[in-house]
Amino acid sequence: GDVVERGKLKIEVFNPQADEFKSNANANSLSMRVSFGKFCAYLPGDVEVQTEPLFASQIGYGGCAVFKWRNHGEGRPEPSYVFERVKPNETVISVGRNDKGFPSSTTLERLRIAGTNIWRTDAGNIYVNATDGGKYLINGTMNMSVVSEWYFMTDAKN
């Protein structure tokens, strides 16, 4: 529930909960919304299924242009309550080479159906620059289908 504000920068922390989960460290993962004026990014950490409903209602609906997908693109049968509320234009999956099949095909298909642009760190570094007016620039490789760097400028949803 912590909120930190410095000028036009605002960080709202939604997780971990006051009563920590003893059996699962990911359930205690830091989940926060970072806003800069009209721009917003949601960073849910590696929160688990049992944790999301505890704070999803505090998030509200829409408004965040960028969402960092949880747990390296791990798939799960149920949708993310938080993702469904945020409805981002862009989704970043922080993932490297692995033998677990991340990001999962379930996650990638769910994101394609949602219509969000998919950015993956296994394709290169991803940089998000934003103005306080809500415009943002993402520099990186999108959807593994672009060979060179791709630049994207749009208005954030508000």
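The following paragraphs lead through a predicted model, beginning with its nonpolar cores and passing by way of I93 and T107 to a disulfide.

The largest nonpolar core holds 18 residues, and of these Y42, F55, I59, F67, V82, V86 and I93 touch the most other members. Two or more residues come from each of the elements β4 (39-43), α1 (52-59), α2 (81-86) and α3, with α2 giving the most, namely three residues. A second core, separate from this one, is made up of nine residues, among them V66, V92, W119 and I138. As a general background, nonpolar side chains in soluble globular proteins tend to be buried together.

I93, already named as a member of the largest core, touches a set of residues beyond four places away in sequence that includes W69, H72, G73, P103, L108, L111 and T107, and its contacts also include W119, which is itself listed in the second core. T107 belongs to helix α3, which spans residues 105-114, and counts as buried because its relative accessibility is 1%, where the cut-off is under 20%. Its side chain reaches the backbone nitrogen of G75 at 3.4 Å, and, with neighbours within four places in sequence left aside, T107 is in contact with W69, G73, E74, G75 and I93.

The model has one disulfide, which joins C40 to C64 with an S to S distance of 1.9 Å. Because C40 lies in strand β4 and C64 in the loop between α1 and β5 (66-68), the pair ties together parts that are 24 residues apart in sequence. Both cysteines count as buried, C40 at 6% relative accessibility and C64 with a relative accessible area of 2%.

Technical notes
Residues are numbered from 1 along each chain as its sequence is written. This is a predicted model: local features need pLDDT of at least 70, side-chain atom pairs count only at pLDDT 80 or more; totals for chains, interfaces and linings use all residues. Side-chain values use heavy atoms; hydrogens and water are left out. Helices (H or I, at least four residues) and strands (E, at least two) are DSSP runs, numbered from the N terminus. Buried means under 20% relative accessible area, exposed over 50%, partly exposed in between (1.4 Å probe, protein chains only). A polar contact is a pair of N or O atoms within 3.5 Å; within protein, one must be able to donate a hydrogen and the other to accept it, and residues adjacent in sequence count only if both atoms are side-chain atoms. Contact means heavy atoms within 4.5 Å. A nonpolar core is a set of buried Ala, Val, Leu, Ile, Met, Phe, Trp, Tyr and Cys residues joined through side-chain atoms within 4.5 Å. A disulfide is a pair of cysteine sulfur atoms within 2.5 Å.
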